[in-house]
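The following exercises concern the packing of helices in a protein. Please work through each task with the sequence and structure at hand before reading its solution.

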Amino acid sequence: MQYTAPVWVLFYVVARHQQKLSLQKVVAVVFAVTGIAIVIGIIGTRQNDGRALRLDSYGLIAALLASFSFAFYNIGGHRILARYDRWRVLVWTLAAAAAFWLVVNPPWKVVAAHYAPAQWLFLFVFSMISVLGPFSLYFLGLQHLEPTRAIIASCLEPVFSIVFAALLLGEVLHPIQTLGIIFVLAAIVIVQRPSQHGPSEASTVVDPIE
């Protein structure tokens with residue numbers, strides 16, 4: 001559900017007349033969402049117990065909220081990064097997240113867990129690789145890509161997860177999942193092609209500062 005975010009971004013930019021609705025973008029969004037659904041097994045594969053897919057109501061609401069948040073993150077992030085230095089925005093973003101978790105999971109609870117030095121090292125490396133690095137690179141992408149292109153490119157995340165699981169953990173990559181990967185890659189290629197609207201759409205994207 002989170003990766004329906006490209007749909008909401010497309011609806012928003014069209015509704016706000018920031019971009020014109022084009023067949024190119026519609027096809028790219030459809031390919032991206034369909035590809036994700038195939039890759040994660042919603043389409044084309046049966047559940048392990050043979051029963052139909054069941055969605056928990058709380059999980060569904062949480063996933064939709066995550067989808068809307070991700071869409072807002074792309075739209076608002078692009079505009080902010082077009083006006084302010086990328087590293088300043090990153091610092092404030094991480095500071096806000098840290099303040100949130102200081103309330104949800106206070107430091108004394110973390111200390112009470114009595115993590116070993118090796119565990120602290122793992123947490124540090126994991127935070128650098130999974131948080132700081134990806135956020136820095138995604139902010140860089142948002143500076144130079146309009147929200148629709150950026151969020152469709154982000155659909156590669158579950159694709160890479162499955163590919164790495166197959167390469168590093170020996171999980172089986174099913175042919176139907178390969179088809180989903182092709183759909184996602186096709187969506188990225190389609191949306192990155194020059195728009196037929198040309199200057200009229202390009203004018204809606206503010207050049208980033210350095």
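**Exercise 1.** Determine whether the end-to-end distance of α8 agrees with its number of residues.

*Solution.* The model is a predicted one. Step one: α8 holds 13 residues, and the expected span is 1.5 Å times one less than that number. Step two: this rule gives 18 Å for α8. Step three: the C-alpha atoms at the two ends of α8 lie 18 Å apart, so the expected and computed spans agree. Just beyond α8, Gly 170 adopts a positive phi of about 75°.

**Exercise 2.** Identify the buried residues of α8 and the helices they pack against.

*Solution.* Step one: the criterion for a buried residue is a relative accessible area under 20%. Step two: in α8, Leu 156, Pro 158, Val 159, Ile 162 and Ala 165 are buried. Step three: the partners of these buried residues are α2 (23-39), α7 (147-153) and α9. For the protein as a whole, buried residues account for 30% of the 210 residues.

**Exercise 3.** Describe how α8 packs on α9, giving geometry, contacts and chemical character.

*Solution.* Two packed helices are described by the angle between their axes and the distance between those axes. Step one: the axes of α8 (residues 156-168) and α9 (residues 175-192) cross at roughly 145° and come within 10 Å. Step two: the crossing of α8 over α9 is left-handed. Step three: α8 contributes Leu 156, Val 159, Ile 162 and Val 163, which meet Gln 177, Ile 181, Val 184, Leu 185 and Ile 188 of α9. Step four: the residues of this contact comprise 8 nonpolar, 1 polar and no charged.

**Exercise 4.** Classify the relative orientation of α4 and α6 and characterise their contact.

*Solution.* Step one: α4 (residues 86-104) and α6 (residues 117-144) pack at about 135°, with axes 10 Å apart. Step two: angles over 145 degrees count as roughly antiparallel and those from 65 to 115 as roughly perpendicular; α4 and α6 are therefore oblique to each other. Step three: α4 passes α6 in a right-handed crossing. Step four: on α4 the contact involves Arg 86, Trp 87, Val 89, Leu 90, Thr 93 and Leu 94, while α6 supplies Val 131, Leu 132, Phe 135, Ser 136, Phe 139, Leu 140 and Gln 143. Step five: these residues divide into 9 nonpolar, 3 polar and 1 charged.

**Exercise 5.** State how many helices and strands the protein contains.

*Solution.* The protein has 10 helices and 0 strands. Among contacts between residues at least 6 apart in sequence, 83% join residues at least 24 apart.

Key: Residues are numbered from 1 along each chain as its sequence is written. This is a predicted model: local features need pLDDT of at least 70, side-chain atom pairs count only at pLDDT 80 or more; totals for chains, interfaces and linings use all residues. Side-chain values use heavy atoms; hydrogens and water are left out. Axes are lines fitted to C-alpha atoms, for helices over the stretch in contact, and angles run from 0 to 180 degrees between N-to-C directions. Helices (H or I, at least four residues) and strands (E, at least two) are DSSP runs, numbered from the N terminus. Angles under 35 degrees count as roughly parallel, over 145 as roughly antiparallel, 65 to 115 as roughly perpendicular and the rest as oblique. A crossing is left-handed if the near helix is turned anticlockwise from the far one by less than a right angle, and right-handed if clockwise. Contact means heavy atoms within 4.5 Å. Ala, Val, Leu, Ile, Met, Phe, Trp, Tyr, Cys and Pro count as nonpolar, Asp, Glu, Lys and Arg as charged, and the others, Gly among them, as polar. Buried means under 20% relative accessible area, exposed over 50%, partly exposed in between (1.4 Å probe, protein chains only).
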